[in-house]
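Student: Could you walk me through reading the sheets, pockets and helix packing of a protein model?
Tutor: Happily; let us look at it together.

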Amino acid sequence: MQPPETRYTRAGDVEIAFQTVGGGPVDLVWAFGLMTHLEVKWEEPSLAAMLEELSRFARLILFDRRGCGLSDRGDRHLAPTLEERVEDVVAVLDAVGSHRASIFGVSEGCALAVLFASMYPDRTGRLVLYGGISRLLRDADHPWGLLDAEQYDAAFGPVFRDWGTARGAAAHVRLIAPSAVEDPDYVAWFARQQRLSLSRDAVVRFMDTVTRYDLDEVYPAVQVPTLVLHRSQDSIVPSSSAAHVARRIPGARLVELEGVDHLPYVGDAASVVAAVRDFLGVPRVAAPATRRLVTLLATDAEEPATSALVRRHARRWGGTEVITASGTSAILFDSASRAVRCAAGLAEAAPERGARLVVAVHTAECEVRDGAVAGPASAVPAALLRHGLAGRVVVTGTVRDVLPGSGIAFTDERRVSLPGIVEALVVMTVARPDGRAASSTTPREGMQHVFRLDGEYWTVAFEGRVVTLRDSKGMHDLAALLATPGRERHVIDLWAGTASAAAAGPPDEPGLRVARTAAPILDAEARTRYRRRLLELEDALTLAEERAEPSAHLAEERAWLVHELEAAYGLGGRARSVPDEVERARKAVYRRVADALRRIDRAHPVLGRHLHHAVHTGTYCSYAPERDLHWTTTGDRPG
């Protein structure tokens, strides 16, 4: 779904950013919690999916409060009062022409929702409070508070101290969305949301105000129908707090849902959406059944943590959880390529969570209706699981047939018979989508040390781990070196294997000649770009050090630039010229091998460390391992 347009309205002398999406029979305002940035919100698939589901039955109204995200920021907006924030809501409702709206308050946003409903009952349809509290800081005068001062510092101190960094985001996610803390993509997005929503100083000052909110005497003034939603194992707000809120609001209904996450869109978001829809009184309209081509993904996940991992990957790749005619769960995709890439990601991520998943994918025509798929083909993925290997992705021939040109390769083609399917199906295993590292497998006999080109991908086996990597010139350079351990290879020998150097020939030997040139190693334009980039890297490294963020890739790029500049300039800054094609070949091979080693590092760290120590580049290149190793290699060269 395309993010809606961001518009602005004035609340007093403040510009407030807002969006509307959907066109249902009721208006629903989402009062976000601590931080908001309207456009960044839509970048996270799980949140975007929940917003889209809400917009199916309501006109959803979103806004950034003053001092946050895309609304006016600055010192005077860092800690707005609740009454000022209520006026922000009034201004947004006026701007969109809404005379009466229901309010969905989430976490800290519940305080805003309650005060708005109390001050403007005539403009409030219904009130939904999710993960709300009366008071954050507990003391002698407020025994119903959630945390005492020491507990508050222990919980939020690491968040504020490293705000906007990977470490700060992980601390925050661990606090309010523990089931997503092992998802690196989610944590990276969360860190970006922190940075773009609030500065470090702003979040501390805003939260200092939030700790003093006390709505215990405001709750009885709420006169509109109210639903209090709460997850039974909420990671930060206990069920007793939700029960207290429900008791204080006249006629409020408390509904407990399963789950541990304080954020409503992490975990089982569907149950939250269903509860909100039912409470707003919007009837569920059954969508007509349609027959269409879809791709279904099934796994053998059984543990709750592994099932949560499957749901997170599915949302990230645009999949929807459905029930098949046989009663099993599957993930439905409109795109076969996204389904296979999601499956490959699951196969890779599961071992890091202590699980080994079999993943099956099938493309076929099915009957699709309201979260369910029917027809004989819908049972294929679950039945196919018994024909797959742990850590690998098994697919049917129809998946392969719709993916020519996708870069996804397949191996181990065979025919299998499945229960309920008349004809045997062609099945195969995914060799590798997009050239990313293959899932670990146990190497077959005779594959102890392998560096072999198989079609478009390299099979690489070392120390009991097998990975598959996309082809590149640097991989061919490494294969040539591994084939002859201890032997020095002139850089022209490696470079001449590519079309770009076909005319260069090998170095001077009897009967052979290398063309001579006097071109500078780096021209003026290149020198300027290199130096400008070097300054950018210095700034980026300083910032990364301050934020305790990973910076190895920055340091590596800086080292390469320094190396190139040193090679290009001599005493007094005089430019060195390229004496012949040897220097040009040295530079090209260095870059190619460095790129290949970076990709190997990510896919197979043990092999990466070994090659960094054993491979040497320069005018003469070599592979000199500390112990005798024999590699099964390929002699193929790229065209």
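The dialogue below goes through strands and sheets, then open and closed spaces, then a helix pair.

Student: What should I know before I start?
Tutor: This is a predicted model, where local features need pLDDT of at least 70, side-chain atom pairs count only at pLDDT 80 or more, and totals for chains, interfaces and linings use all residues. Residues are numbered from 1 along each chain as its sequence is written, and side-chain values use heavy atoms, with hydrogens and water left out.

Student: How do I read a strand pair, and how many bridges join strand 1 to strand 2?
Tutor: Helices (H or I, at least four residues) and strands (E, at least two) are DSSP runs, numbered from the N terminus. Two strands pair if DSSP finds at least two bridges between them. Here strand 1 (residues 7-11) and strand 2 (residues 14-21) run antiparallel and are joined by five bridges. Among the partners, Tyr8 is matched with Ala17, and Arg10 with Glu15. The two strands make a hairpin with two residues between them, and Gly12 in that turn has a positive phi of about 70°.

Student: Which sheet does this hairpin belong to, and what is its strand order?
Tutor: Eight strands form an open sheet in the order 1-2-4-3-5-6-7-8, and the pairing is mixed. Strand 1 and strand 8 (253-257) stand at the edges with a single partner strand each, so one side of each has no neighbour in the sheet. On average, neighbouring strands of this sheet are turned by 25° against each other, direction ignored.

Student: What is the order of the open sheet of three strands?
Tutor: That order is 20-22-21, with antiparallel pairing. Strand 20 (489-490) and strand 21 (615-616) are at the edges, each with a single partner strand, so one side of each is left without a neighbour in the sheet. Strand 21 is joined to strand 22 (residues 620-623) by two bridges, and His616 has Ser622 as its bridge partner.

Student: How is a pocket told from a cavity, and what is the volume of the largest pocket?
Tutor: On a 1 Å grid over the protein atoms alone, a cavity is a set of points where a 1.4 Å probe fits but cannot get out, while a pocket is an open set with protein on both sides within 12 Å along at least five of seven lines; lining residues have an atom within 4 Å of a point. Grid points are joined across faces, edges and corners, and a volume is the space filled by probe spheres set on the points. The largest pocket has a volume of about 1800 Å³. Its lining has 46 residues, and the closest to its centre are Ala49, Glu53, Arg56, Thr320 and Glu321. Helix 2 gives the most to this lining, seven residues.

Student: And the cavities: how many of 30 Å³ or more are there?
Tutor: The search of the whole structure finds five. The largest cavity has a volume of about 510 Å³. Of its 32 lining residues, Gly33, Leu34, Ser107, Glu108 and His262 are the closest to its centre.

Student: Finally, how do helix 2 and helix 10 pack?
Tutor: Axes are lines fitted to C-alpha atoms, for helices over the stretch in contact, and angles run from 0 to 180 degrees between N-to-C directions. Helix 2 and helix 10 pack at about 25°, with axes 10 Å apart. They are therefore roughly parallel to each other (angles under 35 degrees count as roughly parallel, over 145 as roughly antiparallel, 65 to 115 as roughly perpendicular and the rest as oblique).
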